[in-house]
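Visitor: Hey, got a minute to walk me through this one? I'd like to poke at a few spots.
Guide: Sure, here it is.

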Amino acid sequence: MSSKGHFLPLVFWETTTACNLECVHCRRLEVGKELSKNDLSLQDVYRLIEGLADDFDPSPVLVLSGGEPLVRPDIFDIVDFAAQKEVPVALSTNGTLIDRKIAEKIAGSGIRRVSISLDGASSDTHDRFRQMPGAFDKAVQGISHLRSFGIPFQINTTITKHNVHELDEIYRLSLSLEADSLHPFLLVPVGCGLEIKEDLQLSPEEYEETLLKIYQLSERGEIHIRPICAPLYFRILVQKKASFLKKKDASGMTQVTKGCLAGSSICFVSHKGDVFPCGYLPITCGNIRNQSLKDIWQNSEIFHSICEPDLLEGKCGLCRYKKICSGCRARAFEEYDNYLAEEPTCIYQPEPLQTKKD
């Protein structure tokens with residue numbers, strides 16, 4: 001459905017660029033420990049939430065991301081206001097700041113789900129990636145506090161060469177921690193991620209192998225698992241006739257949709273109010289300080305074009321799976337400076353591009 005269709009399931013809001021960690025893959029270059037003077041004010045955020053409540057039916061899930069949302073001192077005021085407006089909220093955090101008191105606040109706030117980042121199955125792997133000794137243990141402790149209050153949570157894992165060999169162990173760790181879901185994120189090289197692209201980004205062949213492995217894990221049915229920023233996975237699901245495609249989820253948190261959701265089912269609001277198709281595609285479609293999100297969502301030409309499969313170029317434009325995959329528009333933009341170009345990490349060759357055998 002194009003943005004003209006008005007339906008918008010998820011809005012990711014970058015609450016602040018401030019963070020207590022300095023992760024090597026961060027999509028931002030200017031992350032610091034302190035709040036930015038350009039962060040949206042509390043009144044700006046209230047207007048955003050009012051727009052989500054009044055202009056969209058149903059209201060999108062507002063995902064609080066960062067930076068680190070828990071660094072922002074008014075974060076629970078924001079959550080309380082969203083609850084008053086009946087706007088569902090989820091929290092994306094590195095988990096290191098969740099002590100028992102914070103977990104209790106989360107439990108009483110109405111936050112529907114928390115995602116915790118674990119970028120390895122061990123402290124050594126995770127802490128090197130997050131560049132803070134003890135980050136793994138603190139995140140696991142944070143998960144323990146969430147669990148003690150019955151708060152639904154998922155584990156997010158950025159997959160690169162540094163941890164792809166631990167995928168089985170990360171899966172088992174997610175089970176042992178009793179996570180509701182495991183979301184492996186396939187690295188999109190933006191911000192700091194560009195600096196590690198050459199050393200850590202998986203090759204197209206490694207992407208395919210990793211997605212096939214994730215599919216095999218998902219078929220066990222022990223935990224919901226879905227790779228993120230990996231639209232090629234949906235081509236694999238169709239090729240495998242996966243049972244996963246037949247499942248429905250009324251909550252919307254694990255719903256099966258399609259591959260790249262940028263600009264078609266999600267949008268991203270930066271800490272300054274700029275609206276992007278997703279957090280990894282730095283193309284500004286407007287700013288909520290000047291326009292309503294509804295106006296931007298419905299009228300931006302970028303949103304209109306990005307969710308039209310027939311506008312895709314290169315082999316993505318020729319591919320029979322383009323309506324369920326679409327390729328990663330952020331990777332296409334990073335590689336070719338064109339968000340409609342072909343996905344650079346896909347090994348699949350559409351039939352028109354295949355060389356016929358003699």
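Visitor: Where does Asn-287 sit?
Guide: Asn-287 is in the loop between strand 9 (275-276) and helix 10 (293-299). Keep in mind that this is a predicted model.

Visitor: Is Asn-287 buried or exposed?
Guide: Buried: its relative accessible area is 12%, and the cut-off for buried is under 20%.

Visitor: What does the Asn-287 side chain reach on the backbone?
Guide: The backbone oxygen of Lys-272, at 3.2 Å. There is also a side-chain to side-chain polar contact with Asp-274, at 2.8 Å.

Visitor: Which residues is Asn-287 in contact with, leaving aside neighbours within four places in sequence?
Guide: Those would be Lys-272, Gly-273, Asp-274 and Ile-296. Two of the names come back from the polar pairs: Lys-272 with its backbone oxygen, and Asp-274 with its side chain.

Visitor: Okay, zooming out. How many helices and strands does the chain have?
Guide: The secondary structure comes to 13 helices and 9 strands.

Visitor: And what order do the strands take in the sheet?
Guide: The sheet is open, with 9 strands in the order 7-6-5-4-3-2-1-8-9 and mixed pairing. Strand 7 and strand 9 are at the edges with a single partner strand each, so each has one side without a neighbour in the sheet.

Visitor: How do strand 8 and strand 9 run?
Guide: They run antiparallel, and 2 bridges join them; strand 8 covers residues 266-269. Phe-268 has Phe-276 in strand 9 as its bridge partner.

Visitor: Switching topic: which peptide bonds are cis?
Guide: One is the bond from Asp-57 to Pro-58, with omega near 0°. Another joins Gly-66 and Gly-67, where omega is about 15°.

Visitor: Where do Pro-58 and Gly-67 lie?
Guide: Both are in loops. Pro-58 lies between helix 1 (42-55) and strand 2 (61-65), while Gly-67 lies between strand 2 and helix 2 (75-84).

Visitor: Now backbone phi. Which residues have a positive phi although they are not glycine?
Guide: Cys-229 is one of them, with phi about 60°. Asp-337 is another, also at about 60°. Cys-229 lies in the loop between strand 7 (224-225) and helix 9 (232-239), whereas Asp-337 is in the segment after helix 13 (329-336).

Visitor: Is Asp-337 buried or exposed?
Guide: Exposed, because its relative accessible area is 61% and exposed means over 50%.

Visitor: What about helix 13, which residues there are buried?
Guide: Arg-329, Ala-330, Arg-331 and Ala-332 are buried in that helix.

Visitor: What covers those buried residues of helix 13?
Guide: The cover includes strand 6 (181-186), helix 8 (204-218), helix 11 (301-306) and helix 12 (314-318). After helix 13 comes Asp-337, with its positive phi near 60°.

Visitor: Last thing, some whole-chain numbers. How many of the residues count as buried?
Guide: Of the 358 residues, 57% count as buried. The chain exposes about 15,800 Å², with carbon and sulfur atoms supplying 48% of it.

Visitor: And what share of the contacts join residues at least 24 apart?
Guide: That's 71%, counted among contacts between residues at least 6 apart in sequence.

How values were computed:
Residues numbered from 1 in each chain as written. Predicted model: local features only at pLDDT ≥ 70, side-chain atom pairs only at ≥ 80, totals over all residues. Heavy atoms only, no water. Helix = DSSP H or I, 4+ residues; strand = E, 2+ residues; numbered from the N terminus. Buried < 20%, exposed > 50% of the residue type's maximum accessible area, 1.4 Å probe, protein only. Polar contact = N/O pair within 3.5 Å; in protein donor to acceptor, adjacent residues only side chain to side chain. Contact = heavy atoms within 4.5 Å. Areas by Shrake-Rupley, 256 points an atom, 1.4 Å probe, with all protein chains shown as cover. Pairing = 2+ DSSP bridges.
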